[in-house]
Amino acid sequence: MSMSNSNGNGSDITTIPFSAHFDLLSGLSKDYASTKRPLSRMAGMYEDADAFSKQVAEGDPDIYEFYELSMPESPNELLFGTSIVYPGKVGREYYMTKGHFHTILDTPEVYYCLSGRGYMLMENPEGEWKAERFEPGQAVYVPPRYAHRSINVGDEPLVTFFVYRADSGHDYGTIETKGFRKLIVDVNGGAEIVDNPKWSQEG
Ligand SMILES: O=P(O)(O)OC[C@H]1O[C@](O)(CO)[C@@H](O)[C@@H]1O
Ligand SMILES: [Fe+2]
């Protein structure tokens, strides 16, 4: 059987069958090294700047880590791995990923929750948004054009398995400066979705 295919751009790429291990509960892999995101890499992304600075100074905790396999950036390939968001809060805001649009905006993504509790917060450039629950066994579809951010509202790591087209790319766009239109915050011990003041001030 031939293992060659074309990436549609004139050059041939070759991938071979393979498998990878991810622990069902922790999401950690025996086969790969993860990429870790400490809090200091998320400057300006949490609403409470004082709480952010204090936590960075007091140890700069890892907020999340993920595995991203090295794949040819082709529309004919898929990229998959696990994402692990640790439990905690910055001020009233739960630990979360940076979140991103795909550089090729029209590409979707699927997430499957392996353990933990949280939300996938999604919004498109037109301002439509949706927060879907993550709990073990729940799959979430991120449609084309939707930015997506995983948020851990529980006491355990939030572990998800994701798959997306390998050429999709990451575009942080307005997210690094204004964030998402909504925040998920702790109100008296429960998670609530509230307006992000950075968006409501400017409309
Ligand atoms: O790009 P961000 O928002 O920091 O999040 C990274 C996560 O997103 C992914 O690209 C999957 O969409 C993974 O690599 C990782 O789990
Ligand atoms: Fe993505």
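Met120 of strand β9 stands opposite Ser150 in β12. This is a predicted model. The points below cover the β9 pairings, an iron site, the empty spaces and one exposed loop residue.

**Strand β9 and its partners**
- Strand β9 spans residues 118-123, and six of its six residues are buried.
- Cover comes on both faces of the strand: Gly118, Met120 and Met122 are buried on one side, and Tyr119, Leu121 and Glu123 are buried on the other.
- β9 runs antiparallel to β12, and six bridges join the two.
- β9 also pairs with strand β10 (residues 129-134), again in the antiparallel sense and over six bridges.
- In that second pairing, Leu121 faces Ala131 of β10.
- β9 and β10 make a hairpin with five residues between the strands.
- Gly127 sits in the turn of this hairpin and has a positive phi of about 95°.

**Iron site**
- Which residues coordinate the iron ion (ligand 2)? They are His100 through NE2, His102 through NE2, Glu109 through OE and His148 through NE2.
- The coordination distances are 2.1 to 2.3 Å.
- Along the chain, the donors of the iron ion (ligand 2) follow the spacing H-x1-H-x6-E-x38-H.
- His100 lies in the loop between β7 (93-94) and β8 (109-115), while His148 lies in strand β12 (residues 147-152), so the pair ties together parts that are 48 residues apart in sequence.
- Are these two histidines buried or exposed? His100 is buried at a relative accessible area of 10%, and His148 is buried at 2%.

**Largest pocket**
- The largest pocket holds about 250 Å³ of space.
- Its lining has 19 residues, and those nearest the pocket centre are Tyr64, Phe66, His100, Tyr111 and His170.
- His100 is thus a link between two topics: it is an iron donor and a lining residue of the largest pocket.
- Elements that give two or more residues to this lining are β4 (62-66), β8, β12 and β13.
- β12 gives the most, with three residues.
- By class, the pocket lining has seven nonpolar, seven polar and five charged residues.

**Largest cavity**
- How many cavities of 30 Å³ or more are there? The count comes to one.
- The largest cavity contains about 80 Å³ of space.
- Its lining has 14 residues, and the closest to the cavity centre are Gly44, Met45, Lys178, Asn196 and Lys198.
- The cavity lining divides into four nonpolar, four polar and six charged residues.

**Loop residue Asp155**
- Asp155 lies in the loop between β12 and β13 (158-165).
- Asp155 counts as exposed because its relative accessibility is 72%, and the cut-off for exposed is over 50%.
- The C-alpha atoms of Asp155 and Ser26 are separated by 13 Å, although the two residues are 129 apart along the chain.

**Annotated region**
- A UniProt annotation from an unreviewed entry, "domain: Glucose-6-phosphate isomerase prokaryote", covers residues 40-189.
- Over residues 40-189, the chain is 6% helix and 40% strand.
- The end C-alpha atoms of this stretch are 26 Å apart.

How values were computed: Residues numbered from 1 in each chain as written. Chains lettered and ligands numbered in written order. Predicted model: local features only at pLDDT ≥ 70, side-chain atom pairs only at ≥ 80, totals over all residues. Heavy atoms only, no water. Donors = N, O, S within 2.8 Å, 3.2 Å for Na, K, Ca; no water. Helix = DSSP H or I, 4+ residues; strand = E, 2+ residues; numbered from the N terminus. Buried < 20%, exposed > 50% of the residue type's maximum accessible area, 1.4 Å probe, protein only. UniProt positions renumbered as here; feature names shortened; annotations may be inferred. 1 Å grid on protein atoms, 1.4 Å probe; cavity = no way out; pocket = protein on both sides within 12 Å on 5 of 7 lines; lining within 4 Å. Points joined across faces, edges and corners; volume = space filled by probe spheres on them. Nonpolar A, V, L, I, M, F, W, Y, C, P; charged D, E, K, R; others polar. Pairing = 2+ DSSP bridges.
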